[in-house]
Amino acid sequence: MNTIVHTADDAGVAEAARLLRAGEVVAIPTETVYGLAANALDGQAVKKIFAAKGRPQDNPLISHVASMEMLADVWAEVTPQALALARAFWPGPLTIILPRAARVADEVCAGLPTASVRWPSHPAQKPGGHGGPVRAHPHLQFPPGPCDGPPHRPDAV
């Protein structure tokens with residue numbers, strides 16, 4: 001595994017997006033920490049996160065989006081309640097859990113019928129980068145979330 005460091009400027013974001021499209025794993029900033037990311041629609045890419053971290057594969061991951069339009073890639077349906085929460089608190093550190101779309105890699109959701117999604121407010125996670133949802137979760141200490149413990153309740157929002 002090679003480590004290359006880029007800044008979170010336009011050129012660095014473009015290179016990270018290229019790597020994500022190519023099925024690679026990158027470290028990305030959020031408003032709280034850095035996390036590992038892979039294309040959430042590519043199961044082979046997501047497996048690389050589990051391998052790099054030694055993370056159990058039955059522990060689901062949070063998908064990140066950079067626009068409301070990306071939600072259709074991750075969720076089967078966006079409920080009015082979820083949409084209201086997203087409009088009120090995104091971008092920001094809110095994770096919402098809903099039934100997953102068929103496109104999302106099984107590895108992201110650990111085989112569960114739901115997907116956890118958030119839209120980080122860090123400028124590097126702006127629309128127009130990778131073009132699809134990414135999976136990013138802690139590689140450092142991260143506040144506990146619905147995907148950090150036992151599998152989450154499928155009816156949680």
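## Working through a predicted model

Asp-106 is partly exposed, with a relative accessible area of 48%. Keep in mind that this is a predicted model. Let's start with that residue and its partner.

**Exercise 1. Find which side chain meets Asp-106 in a salt bridge, and work out whether that partner is buried or exposed.**

Step 1: Look for the partner. Asp-106 meets the side chain of Arg-100 in a salt bridge, at 2.7 Å from N to O.

Step 2: Check the distance. A salt bridge needs the nitrogen and the carboxyl oxygen within 4 Å, so 2.7 Å qualifies.

Step 3: Sort the two residues. The cut-off for buried is under 20%, and exposed means over 50%. Arg-100 has 15% relative accessibility, so Arg-100 counts as buried. Asp-106, at 48%, falls in between and is partly exposed.

**Exercise 2. Check whether the span of helix H1 agrees or disagrees with its number of residues, then say which residues of H1 are buried.**

Step 1: Get the expected span. Helix H1 covers residues 10–21, which is 12 residues, and at 1.5 Å a residue it should span 16 Å. If you want to redo the sum, multiply 1.5 Å by one less than the number of residues.

Step 2: Compare. The C-alpha atoms at the two ends of H1 are 16 Å apart, so the model agrees with the expectation.

Step 3: List the buried residues. In H1 these are Gly-12, Val-13, Ala-16, Ala-17 and Leu-20.

Step 4: Look down the axis. The buried residues of H1 sit within an arc of 140 degrees, so they line one face of the helix.

Step 5: Turn to the other side. There you'll find Asp-10, Ala-11 and Arg-21, which are exposed.

Step 6: Step just past the end. Right after H1, Gly-23 has a positive phi of about 85 degrees.

**Exercise 3. Two salt bridges involve Glu-15 and Glu-31; find out which residue each one pairs with, and where the partners sit along the chain.**

Step 1: Count the total. The structure holds six salt bridges.

Step 2: Take Glu-15. Its partner is Arg-18, and the closest N and O atoms are 2.8 Å apart. The two are three residues apart in H1, so about one helical turn separates them. Glu-15 is partly exposed at 22%, and Arg-18 is partly exposed at 42%.

Step 3: Take Glu-31. This residue pairs with Arg-118, with the closest N and O atoms 2.2 Å apart. Glu-31 lies in the loop between strands E1 and E2 while Arg-118 lies in strand E5, so this pair ties together parts that are 87 residues apart in sequence.

Step 4: Compare the accessibility. Glu-31 counts as partly exposed at 26%, whereas Arg-118 is buried at 2%.

**Exercise 4. Say how many residues the largest nonpolar core has, and which helix gives it the largest share.**

Step 1: Size it up. The largest nonpolar core has 26 residues, and those with the most contacts inside it include Val-65, Trp-75, Trp-90 and Ile-96.

Step 2: See who contributes. Among the elements that each supply at least two residues are helix H2 (43–53), helix H4 (80–89), strand E4 (92–99) and strand E5 (114–119).

Step 3: Pick the top contributor. H2 gives the largest share, four residues.

Step 4: Look for anything separate. Another core, of five residues, lies apart from this one, and Ala-16, Leu-20, Val-26 and Ala-37 are among its residues.

**Exercise 5. Find which two residues form the aromatic pair, and classify its geometry.**

Step 1: Search the whole structure. There is one aromatic pair.

Step 2: Read the geometry. Trp-75 and Trp-90 lie 6.3 Å apart, centre to centre, with 25 degrees between their planes. Planes under 30 degrees apart count as stacked, so this pair is stacked.

Step 3: Place the partners. Trp-75 is in the loop between H3 and H4, Trp-90 is in the loop between H4 and E4, and they are 15 residues apart. Both are buried.

Step 4: Look at the neighbours of Trp-90. Among the residues Trp-90 touches are Met-68, Leu-71, Leu-85 and Trp-119. Trp-119 is found in strand E5 and is buried, at 14%.

Technical notes: Residues numbered from 1 in each chain as written. Predicted model: local features only at pLDDT ≥ 70, side-chain atom pairs only at ≥ 80, totals over all residues. Heavy atoms only, no water. Buried < 20%, exposed > 50% of the residue type's maximum accessible area, 1.4 Å probe, protein only. Arc of directions from axis to C-beta. Core = buried A, V, L, I, M, F, W, Y, C linked by side-chain atoms within 4.5 Å. Contact = heavy atoms within 4.5 Å. Phe/Tyr/Trp six-rings, centres within 6.5 Å; stacked < 30°, edge-to-face > 60°. Lists of a residue's contacts leave out its neighbours within four places in sequence.
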